[in-house]
Each structure stands twice: as C-alpha cells, then as structure tokens.
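Colleague: I should like to learn how the features of a model such as this one are read. May we take them one at a time?

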Amino acid sequence: MKHIQTVFRITLLFSLILLTINAWGEPYISFTSNRTGNYDIYIIDMNGENLRNLTNHPATDCCATWAPDGRSFAFVSYRHGKGDIYIMKVGGTEPRRLTNHPERDAAPAWSPDGKQIAFQSRRTGENHIYIIDINGKNLQRLTKQGINSSPAWSPDGKFIAFVSNQNKWGDVYMMDSDGKQIRRIKNQHGGGSRSPAWSPDGQQIAFDIARQGNGIFIMDVDGGNAHRMSPPLNWSYNPAWSPDGKWIAFDAEIENPWGNPNVPLNIYIVSVKSGKRQQITHHPKKDREPAWVPEGFFSVSPTTNTKTTLWGKLKQTGRATR
C-alpha cells in the first residue's frame with residue numbers, strides 16, 4: 001500500500017511539474033532589439049506574446065547564445081567600451097565577463113556539452129574562430145587563414161560550421177571541433193552563404209545568402225538539396241533552428257525588397273515542412289539575431305532571489321509593444 005501511495009505521489013508531482021511548464025505556453029525566442037534606443041536582449045514566445053528585456057543596460061548587448069540546460073546565456077556587450085563576451089545566469093543581475101581583449105570578440109556559440117564557447121575575434125588583426133572554456137581558460141585559435149566568422153556547433157559537438165572568405169565570394173565551411181579538416185560546403189546557389197545554423201538532427205544546415213536578395217536557405221551537410229525558405233526578393237538574415245526541428249526563426253525586412261537600412265527588422269518563423277511564415281515581433285525599430293530558448297529556462301525555481309528578477313518579469317501582467 002505504501003508503495004502504491006509513493007508511486008501516486010511521484011506521478012502527481014510529475015504532472016504538476018508538467019502543468020507548470022505548460023502554463024508558460026509556447027517556446028520562447030531570444031533576440032536583440034534597439035526598441036528603447038540602444039540594443040538589449042529580449043525574449044518573446046513564438047506567439048508573439050510575453051515580451052521581456054533580459055539585459056536592460058545602457059550599453060549595447062547583443063548576440064545571445066544559450067547554455068544547453070537553459071539556465072545561462074552568453075552574449076556580446078560593449079559595457080566596457082568594446083565588444084567582449086559575457087555570461088549571465090537566468091534570473092541573475094550581473095553578468096560575468098568571459099573575454100577581455102583590446103580587440104572585438106563577437107558571435108558566441110555555446111557548445112552542446114555546455115563546456116565551451118566558440119566565438120570570432122579580431123585579436124590577430126583579422127577575424128578568426130576561437131574556443132574557450134566557460135570558466136575563461138584554455139583559449140584556442142582554430143582557424144589560421146582567411147577572414148572567418150559566425151561559428152556554429154553541430155548538435156553532437158564534433159564539428160563547427162563557420163563563414164570564411166577562403167573562396168571568391170565567401171561561404172559556409174566546416175571543420176572538426178579541434179580546427180582540423182577544414183572544408184567548404186558547396187551548394188548549387190554558388191558562394192555568398194552566411195550565418196550557418198544546424199538542424200537538431202545534424203543532417204542539415206540553414207543559412208542566408210548575401211546575393212539573391214538575402215534569403216534563408218536549407219541544405220544538406222554536404223551542400224546538396226539546397227532550397228529557399230524565405231520569400232524571394234525579401235531581405236532575410238540570421239536563421240535559427242528550433243529544438244524540435246519544425247521551425248526556423250530569422251530576422252527580415254519583409255516590407256523592403258531593396259534592402260534599405262532604415263526600415264524595420266522583425267523576427268519571423270517559418271515552418272520547415274510547409275513553408276508557412278509567421279511574424280513574431282511588430283516594431284518600427286530593429287529586432288534581430290533570434291535564438292531559441294532551451295526548455296531548461298522554464299525550470300528555474302521562483303526562489304527569493306528570482307521572484308524579483310526573471311520570474312517577476314515574466315509574470316508581469318503589463319503588455320509591452322511587440
């Protein structure tokens with residue numbers, strides 16, 4: 001009898017946990033926005049609701065990448081006058097500075113095992129790809145030639161895709177996670193591919209193309225079967241694949257077919273299966289660099305410390321302009 005009661009209690013507790021998680025509704029997407037005059041990092045659910053500012057600092061904060069457990073995120077901040085990478089705990093107040101160099105560090109990407117962050121840096125005069133442990137130790141430079149940017153880890157952590165100008169137009173390349181075996185990923189649309197993002201199963205890579213109206217494309221990891229996901233003649237950038245593989249988020253100037261830099265950027269998602277597109281943010285400023293928030297983000301307990309920070313912000317009833 002006691003065994004049955006124990007099983008029942010565990011089942012009830014698990015159900016309550018699931019209900020708590022589901023109460024948040026749809027998955028969240030983080031993004032960078034200058035809607036208050038300077039760039040900060042925000043989150044919003046994929047229905048375009050529950051917008052909140054995560055960094056809220058007078059300096060520029062951008063380019064969030066999430067720890068696999070969803071409890072921390074790394075980002076680029078100019079709060080010390082130049083671009084450095086910081087790590088901030090969900091519900092925390094002060095981020096921890098990870099890099100500190102006179103040259104600009106940018107485009108952080110958290111490894112799938114949670115132990116390292118890849119990033120691009122100009123610390124040798126040209127952009128190269130580096131990796132560093134999350135405690136700030138064991139800095140390693142991975143690329144040796146060309147100008148390199150936008151690192152992206154494969155889901156199994158064995159490879160890093162990145163952008164390099166080692167060919168005429170610049171393109172997406174791949175290397176082993178230790179910097180060996182660098183090879184170009186060719187596709188039938190030619191060069192100019194940028195901003196690689198891996199599918200959760202590691203079989204495909206989403207990217208944008210600098211030519212052809214800056215569209216979002218998908219290709220197999222060998223470059224085959226490349227096809228467009230965003231509308232033709234619209235300027236779309238920075239794809240990010242959802243954890244379930246069903247959606248790709250991106251930022252776009254949908255109402256601007258000519259790439260005017262003064263028009264708004266907003267966050268969109270597109271169904272990988274159907275191609276159906278949905279606009280997530282609606283703001284006259286610039287919303288960019290989407291990243292899907294891992295489910296672990298929602299498991300942060302509402303402790304005394306977090307009630308006035310993350311949980312307090314998310315449970316506010318006031319609405320913000322999306």
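Colleague: Let us begin with a single residue: where is G136 found?

Modeller: This is a predicted model, and the reading should be taken in that light. G136 is found in the loop that runs between strand 10 and strand 11.

Colleague: Is G136 buried, partly exposed or exposed?

Modeller: The relative accessible area of G136 is 34%, so the residue counts as partly exposed. The C-alpha atoms of G136 and L98 are separated by 5.4 Å, although the two residues are 38 residues apart along the chain.

Colleague: How should I read the sheet to which strand 10 and strand 11 belong, and in what order do its strands run?

Modeller: As a general idea, the strands of a sheet pair through backbone hydrogen bonds, in either a parallel or an antiparallel sense. Here four strands form an open sheet in the order 8-9-10-11, with antiparallel pairing. Strand 8 and strand 11 (140-141) are the edge strands, each of which pairs on one side only. Strand 10 and strand 11 are joined over two bridges, in the antiparallel sense.

Colleague: Which residue of strand 11 is the bridge partner of Y130?

Modeller: The bridge partner of Y130 in strand 11 is R141. The ring of Y130 has a further neighbour: the charged end of R123 sits over it, 5.5 Å from its centre. A second case of this kind involves R35, whose charged end sits over the ring of Y42 at 5.6 Å from the ring centre.

Colleague: With which residue does R35 form a salt bridge?

Modeller: In general, side chains of opposite charge can pair when their charged atoms come close. The side chain of R35 meets that of D287 in a salt bridge, at 2.6 Å from N to O. D287 belongs to strand 24 (residues 287-292) and R35 to the loop between strand 1 (28-33) and strand 2 (40-45), so the pair ties together parts that lie 252 residues apart in sequence. D287 and R35 are both buried.

Colleague: How many salt bridges does a search of the whole structure find?

Modeller: The search finds nine salt bridges. Among other pairs, D61 and R79 meet through their side chains at 2.8 Å, N to O. D61 lies in strand 4 and R79 in the loop between strand 5 and strand 6, so this pair ties together parts that are 18 residues apart in sequence. Both D61 and R79 are buried. Salt bridges also link K82, D84 and R97 in a network.

Colleague: What is the case of R183 and D176?

Modeller: Their side chains meet in a salt bridge at 3.3 Å, N to O. R183 has 31% relative accessibility and therefore counts as partly exposed, whereas D176, at 19%, counts as buried.

Colleague: Let us turn to aromatic rings. How many aromatic pairs does the structure hold?

Modeller: There are eight aromatic pairs in the structure. W66 and F73 form one that is tilted, with 5.1 Å from centre to centre and 40° between the planes. Both W66 and F73 are buried. By contrast, the planes of F207 and F217 lie at 20°, with ring centres 5.7 Å apart, so that pair is stacked. F207 is in strand 17 (residues 204-209) and F217 in strand 18 (residues 216-220), so the pair ties together parts ten residues apart in sequence.

Colleague: Which residues do ring pairs link into a cluster?

Modeller: The cluster consists of W66, F73, F75 and Y86, linked by ring pairs.

Colleague: How many residues has the largest nonpolar core?

Modeller: That core has 14 residues, and those with the most contacts inside it include A74, I87, L98 and W110. Among the elements that give two or more residues to this core are strand 4, strand 5 (72-77) and strand 6 (84-89). Another core, of 13 residues, lies apart from it and has I41, Y86, M88 and V293 among its members.

Colleague: Finally, which residue of strand 4 has a positive phi?

Modeller: C63, found in strand 4 (residues 61-66), has a phi near 65°, a positive value in a residue other than glycine. C63 has a relative accessible area of 17% and is therefore buried. S195, which lies in strand 16 (residues 193-198), likewise has a positive phi, of about 55°, although it is not a glycine.

Notes. Residues numbered from 1 in each chain as written. Predicted model: local features only at pLDDT ≥ 70, side-chain atom pairs only at ≥ 80, totals over all residues. Heavy atoms only, no water. Phe/Tyr/Trp six-rings, centres within 6.5 Å; stacked < 30°, edge-to-face > 60°. Buried < 20%, exposed > 50% of the residue type's maximum accessible area, 1.4 Å probe, protein only. Lys NZ or Arg CZ within 6 Å of the ring centre and 35° of its normal. Core = buried A, V, L, I, M, F, W, Y, C linked by side-chain atoms within 4.5 Å. Pairing = 2+ DSSP bridges. Salt bridge = Lys/Arg side-chain N within 4 Å of Asp/Glu carboxyl O.
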